[in-house]
Amino acid sequence: MTKTPRRTLDTRLVRAGSDPKKFDGAVNPPPQRASTVLMPTAEELYAPGVKTYGLVGMAAHDALKSALCEMEDARDCLLTASGLIACTLPIFALAGAGGHILVTDSVYGPTRRYCDRSLKRWGCETEYFDPDIGAGIEALIRPETQLIFLESPGSLTFEIQDTPAITEIARKHGVPTALDNTWGAGVYYKPLDLGVDVSIHATTKYPAGHSDVLSGAILTRDPLIGARIAQASTDLGMMVSAEDAYLTLRGLRTMMTRLRQHEASAYDVADWLAARPEVDRILHPGRPDDPYHALWKRDFTGSAGLFGMVLKPCDEAQVLAFLNALTLFGLGFSWGGYESLAIHCDPQLDRTLGRPDFAGPLLRFSIGLESPTDLKADLANAFEASGIRA
């Protein structure tokens, strides 16, 4: 018998979790809204592995988890009601009173807020480390260190971490690691293959893809870590709605096609911006002139549509005028949807080890599915309206 070769990720994401035989031939599993789940016999009320309540998820949840596990070759997947909960739940599950965690200083702002507020109140210390630390993280590990939390690249400043160097040290000391993998989307970056224990996704972004869903996912290959995170979710009564699970799964079917367009358009716009006299530098690890390009090329297979732009010195009024003149770029947080977005980042550049030394203000762009030609024309008009000069 000829062995069937493993199919490509494109095909696996399109087909994973789909079983039309179960649903009268329907290609997609139905979004079942359920709280109470009836058991056929009294013996099954307390039987292990049986769905007993809507919080464990129904058909759409199961299909989405199956597809996300296919994406990163994970053993376990836990769904959450937002990307932020996907970031904070592993910390809640793996760290506690009297402990110490290490968190990259380039971490997503709301994750930092959780560590500085809730985790501190529960008696666990957070220490922030330079995202460029690599194997030097060994000097920061203590006997009470319970977790190392990475984000690569940083969602505002786009530092690429030397993840294999950090995970090698972490495993040597028996410290679990978690990484926010939203930018790599589980397609262009495979942290579980690089020794990370927990891969985190804001599936709100590229997987759902249409700016109308809040959801997250936590993936792992370690059954003990997976069990601890699942227990924490159960204790807190967390779950994604049936509709959001269904919409995220539907978005995931087309994510590979959308990602390629996001990537190509982002390179086009970023290269055009890099040549503008008003721009000091572009923060995009996929571009050869980026200081993190070598690490990106080693560990990534592609890039997202999100990047930063550092302007030459100018005042805040000019930055606001630039943003307010945009007509195709929406002014809003999040990213990964079909529409392009822009924000100014300086108000949220919270760092413990010192703010990045940029020549001027930092802006971030999420490049959507519009024509790059139109996006560049919109940016050109905004530069003209802002009064920003070289």
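The side chain of arginine 12 reaches the backbone oxygen of arginine 7 at 3.0 Å. That contact is a good place to start looking around this structure, which is a predicted model. From there, this briefing visits two sheets, a pair of packed helices and two serines in loops. One sheet is built from seven strands, and another is built from five strands.

**Arginine 12, our starting point**

- Arginine 12 is part of helix H1, which covers residues 9-15.
- The relative accessibility of arginine 12 is 15%, and buried means under 20%, so arginine 12 counts as buried.
- Setting aside residues up to four places away in sequence, arginine 12 touches Arg6, Arg7, Glu70 and Asp73.
- Leucine 68 is 56 residues from arginine 12 along the chain, and the C-alpha atoms of these two residues are separated by 9.9 Å.

**The seven-stranded sheet**

- If you trace this open sheet from one side to the other, you meet the strands in the order E1-E7-E6-E5-E4-E2-E3, and the pairing is mixed.
- Its edge strands are E1 (76-80) and E3 (125-129), each of which pairs on one side only.
- On average, neighbouring strands of this sheet are turned by 20 degrees against each other, with direction ignored.
- As a reminder, the strands of a sheet pair through backbone hydrogen bonds, and they can do this in a parallel or an antiparallel way.
- Strand E5 (residues 177-180) pairs with strand E6 (residues 198-201) in the parallel sense, over three bridges.
- Within that pair, the bridge partner of aspartate 180 is isoleucine 200 in E6, while leucine 179 has serine 199 in E6 as its bridge partner.
- Helix H5 packs on the sheet and touches E3, E4 and E5, and the direction of H5 makes about 170 degrees with that of E4.

**A closer look at strand E6**

- E6 also pairs with strand E7 (residues 216-220), this time in the antiparallel sense and over four bridges.
- Isoleucine 200 stands opposite isoleucine 218 in E7, and isoleucine 200 is also the bridge partner of aspartate 180.
- In a regular strand, side chains alternate between the two faces of the sheet.
- Here, Val198 and Ile200 point one way from E6, Ser199 and His201 point the other way, and all are buried.

**Two helices that pack together**

- Helix H3 (residues 83-94) packs with helix H6 (residues 223-236) at an angle of about 105 degrees, and their axes are 9 Å apart.
- Angles of 65 to 115 degrees count as roughly perpendicular, so that is how H3 and H6 are described.
- On the H3 side, the residues that meet H6 are Leu89, Pro90, Phe92, Ala93 and Leu94.
- On the H6 side, the residues that meet H3 are Ile225, Arg228, Ile229, Ala232, Ser233 and Leu236.
- The residues of this contact divide into nine nonpolar, one polar and one charged.

**The five-stranded sheet**

- This open sheet has mixed pairing, and its strands come in the order E8-E9-E12-E11-E10.
- Strand E8 (279-283) and strand E10 are the edge strands, and each pairs on one side only.
- Strand E9 (residues 306-311) and strand E12 (residues 362-366) pair in the antiparallel sense, over five bridges.
- Glycine 308 stands opposite arginine 364 in E12.
- Helix H10 (residues 316-325) lies across E9, E10, E11 and E12, and H10 runs at about 165 degrees to E11.

**Two serines in loops**

- Serine 340 sits in the loop between strand E10 (330-331) and strand E11 (341-344).
- Serine 340 has a relative accessible area of 0%, so serine 340 is buried.
- The side chain of serine 340 reaches the backbone nitrogen of glycine 368 at 2.7 Å.
- Apart from its neighbours within four places in sequence, serine 340 is in contact with residues including Leu328, Phe329, Ser366 and Leu375.
- Serine 155 lies in the loop between strand E4 (145-151) and helix H5 (163-172).
- Serine 155 counts as buried because its relative accessibility is 11%.
- Apart from its neighbours within four places in sequence, serine 155 is in contact with Ser106, Tyr108, Leu306 and Arg364.
- Arg364 is worth spotting twice: this residue is a contact of serine 155, and arginine 364 in E12 stands opposite glycine 308.

Note on methods:
Residues are numbered from 1 along each chain as its sequence is written. This is a predicted model: local features need pLDDT of at least 70, side-chain atom pairs count only at pLDDT 80 or more; totals for chains, interfaces and linings use all residues. Side-chain values use heavy atoms; hydrogens and water are left out. Buried means under 20% relative accessible area, exposed over 50%, partly exposed in between (1.4 Å probe, protein chains only). A polar contact is a pair of N or O atoms within 3.5 Å; within protein, one must be able to donate a hydrogen and the other to accept it, and residues adjacent in sequence count only if both atoms are side-chain atoms. Contact means heavy atoms within 4.5 Å. Axes are lines fitted to C-alpha atoms, for helices over the stretch in contact, and angles run from 0 to 180 degrees between N-to-C directions. Angles under 35 degrees count as roughly parallel, over 145 as roughly antiparallel, 65 to 115 as roughly perpendicular and the rest as oblique. Ala, Val, Leu, Ile, Met, Phe, Trp, Tyr, Cys and Pro count as nonpolar, Asp, Glu, Lys and Arg as charged, and the others, Gly among them, as polar. Two strands pair if DSSP finds at least two bridges between them.
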